[in-house]
Amino acid sequence: MSATFAPPAELAALEGRAWLAGGLGALASAAGFFVDRPQFFRSYLVAWLFCLGVALGCYAIALLHQMTRGAWGLMIRRPLGAASRTLPFLLLAFVPVLLGLEELYSWARPGAAADPLIAQKTWYLNPGGFLVRGLVYFAIWIGFAWVLNRMSRAQDRKESDRLFRRMQAVAAPALVLYVVTASAGAVDWLMSLDPHWYSSLFGVMFVVGHGVAGFSFVILVALYLSQREPMREHLQPRHFHDYGKLLLAFVMLWTYMQLSQLIIVWSGNLPEEVTFYLNRTAGGWKWLSVALVLGHFALPFALLLSRDLKRDARKLARVAVLLLVMRWFDIYWLAAPAFAHGGGLHFHWLDLATVVGLGGLWFALYVRHLASRPLLPRFEPYLREALDDE
Amino acid sequence: MSRFLTRDGKRLYGLMAEFDSPEKLVHACEAASEAGYTRLGAYTPYPIEAVWEAIGHHRSKLPLIVLAGGLAGAAGGFLLQYWASVHAYPLNIGGRPLDSWIAFLVPAFETTILFASFAAVLGMFFLNGLPQPYHPAFNVPRFAEASRDRYFLMITTKDRNFEPAAVRELLAGLGPVEVNEVED
């Protein structure tokens, strides 16, 4: 095969636009930092978790592909790998969360241990542990992402039958560790916002959300690439059909987790657990909950059932945009009621500024990583089969 | 009721050509489709996708039947519980409201799957016209070879363009082993 699969040159312009949008958003967020510091940290946490969800979703999907193989994943392995290489940036973006620790987390404030329930949990919920755990999670993700991206890169240079088996062997433990660490991350970063409340399903819910975010994002990237050389002939309706099916599976899994938690909490009817749903069904929060049921489940579920829609990249991309927006609302829905202290639902302009700022910068970096390598691994043993298929 | 008769004076169901290779059958299917025939039947010892393409496949209605079954199961399962808990046998359980819809969701989900599965299996039988204890194709003695190594194409008299002489001429020109009349 003589093709080099060089990324399209238009990516440079896309990167420029992303830097611009991200820069403007970051400036607005910085202004917000001085105007309303507590609100800045709250909005920033949601924006950071949203971007992290997209990047980790792509990372996990890449692991899934490298473990199970298949033409669907081979076509998007490079776009997924580019996202996993943005993880060091997201570790850097963790710093503002650490700076706002006392603003965000009531257990981190001085005198929090006066609360007997929090006092029981300080062995886990303490600033030092929070920092060290965060570093460990990121070290694991970045480490595996680096090794796997390096192996994939080697397939641009030489033929090797052993390489993809080694990828498989590395991806399996990486996936197990990802689920464990991302669940723990959900406990640290989101669930501990309300330190009295707990749910053992919370971590998995967060991980499944990453799957929705990752697939939605990579469908948009695949649509962009399918309209340009060199992927124009290679990315075909059958690939989008596969992505649509997997997206549908993750949408259903997200619903399954949410519904399981609701049914368990509702059946248990325990005072310290039901607060979660009481907070989210009071006042304006109720409408956000309804919007999530419709926008994160009912509508995408019904649309994704259609075979024609899944095979039409443009229509599928519209569902992906809807789900990406819903991912932000889902994280907001999990985080923000803890800040409202029983108050109503009020969006702040910083909610938008932080996600445009951080998301824009993240996306610019993503595009740069995407443009830095061929879009398909040339010497991957199964590449010919994947391209010839059908 | 067929308008045509066989040589023995019986009602004619169609004309059947026997081929000794799948390529010939695919070619024959394409030729018959091009000639404007739509009521075709192709019989092979194993599935051949190209045949399915050549005789003009149509979209299956099965997904809609399954969807209808699923919706009926969801509504039925939910309403059954609602009726039982709110109207037929109202019971105070732990101070919960009678209409505890959250508790109804799991059984309603189960009936959704149950009805959808039944709809899928029964719908498949219905759309395939099963059970069918009698089919005229078996009146051709050679037809038994369809489950061994022979490939058959039948054009039935149900076709609007069916004209015995023209059909026989078309089939004979496609390189068959033989062309047989199928008695109804």
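**Exercise 1. What percentage of the 390 residues of chain A count as buried?**

Solution. The structure is a predicted model. Step 1: a residue counts as buried if 20 or more other C-beta atoms lie within 10 Å of its own. Step 2: under this criterion, 41% of the 390 residues of chain A are buried. Step 3: the secondary structure of chain A comprises 18 helices and zero strands. Step 4: chain A is as compact as a globular protein of its length, because its radius of gyration of 21 Å is close to the 21 Å that the globule rule gives for 390 residues. Step 5: along the principal axes, the C-alpha atoms of chain A fill a box of roughly 70 × 40 × 40 Å. Step 6: among contacts in chain A with a separation of 6 or more, 83% are between residues 24 or more positions apart.

**Exercise 2. Identify the residues that touch the most other members of the largest nonpolar core, and the helix that gives this core its largest share.**

Solution. Step 1: the largest nonpolar core has 103 residues, and those touching the most other members are Cys51(A), Ala55(A), Cys58(A), Tyr59(A) and Val218(A). Step 2: helix H2 (residues 37–68) of chain A supplies the largest share of this core, 20 residues. Step 3: with residues up to four places away in sequence set aside, Cys58(A) touches Leu80(A), Ala83(A), Ser84(A), Gly214(A), Phe217(A) and Val218(A). Step 4: a second, separate core holds 26 residues, including Phe19(B), Leu25(B), Val26(B) and Cys29(B).

**Exercise 3. Describe the span and packing of helix H8 of chain A.**

Solution. Step 1: helix H8 covers residues 127–154 of chain A, 28 residues in number. Step 2: the distance from its first C-alpha to its last is 41 Å, close to the 40 Å expected at 1.5 Å a residue. Step 3: the buried residues in H8(A) include Phe130(A), Tyr137(A), Trp141(A) and Phe144(A); Ala145(A), Leu148(A), Asn149(A) and Ser152(A) are buried too. Step 4: the buried residues of H8(A) pack against H2, helix H3 (71–84), helix H4 (87–92) and helix H9 (161–189) of chain A.

**Exercise 4. Locate the cis peptide bonds at Pro230(A) and Pro131(B).**

Solution. Step 1: Glu229(A) and Pro230(A) are joined by a cis peptide bond with omega of about 0°. Step 2: Pro230(A) belongs to the loop between helix H10 (202–226) and helix H11 (237–268) of chain A. Step 3: in chain B, the peptide bond from Leu130(B) to Pro131(B) is cis, with omega near 0°. Step 4: Pro131(B) is in the loop between helix H4 (101–127) and strand E3 (151–156) of chain B.

**Exercise 5. Is Asn269(A) buried or exposed?**

Solution. Step 1: a residue is exposed if 12 or fewer other C-beta atoms lie within 10 Å of its own. Step 2: Asn269(A) has 11 such atoms and is therefore exposed. Step 3: Asn269(A) lies in the loop between H11 and helix H12 (271–281) of chain A. Step 4: although Asn269(A) is not a glycine, it has a positive phi of about 55°.

**Exercise 6. State the domain assignment of chain B and the confidence of the model.**

Solution. Step 1: chain B is assigned domain 1 (12–59 + 134–183) and domain 2 (62–127). Step 2: the centres of domain 1 and domain 2 of chain B, taken over C-alpha atoms, are separated by 45 Å. Step 3: chain B has a mean pLDDT of 86, with 97% of its residues at 70 or more. Step 4: the model scores ipTM 0.72 and pTM 0.85.

How values were computed: Residues are numbered from 1 along each chain as its sequence is written. Chains are lettered from A and ligands numbered from 1 in the order in which they are written. This is a predicted model: local features need pLDDT of at least 70, side-chain atom pairs count only at pLDDT 80 or more; totals for chains, interfaces and linings use all residues. A nonpolar core is a set of buried Ala, Val, Leu, Ile, Met, Phe, Trp, Tyr and Cys residues joined through C-beta atoms within 7 Å. Helices (H or I, at least four residues) and strands (E, at least two) are DSSP runs, numbered from the N terminus. Two residues are in contact if their C-beta atoms, placed from the backbone, lie within 7 Å. pLDDT is the predictor's confidence in each residue, from 0 to 100. Domain bounds come from an automatic or database domain assignment. The radius of gyration is taken over C-alpha atoms; the globule rule is 2.2 Å times the number of residues to the power 0.38. The expected span of a helix is 1.5 Å times one less than its number of residues.
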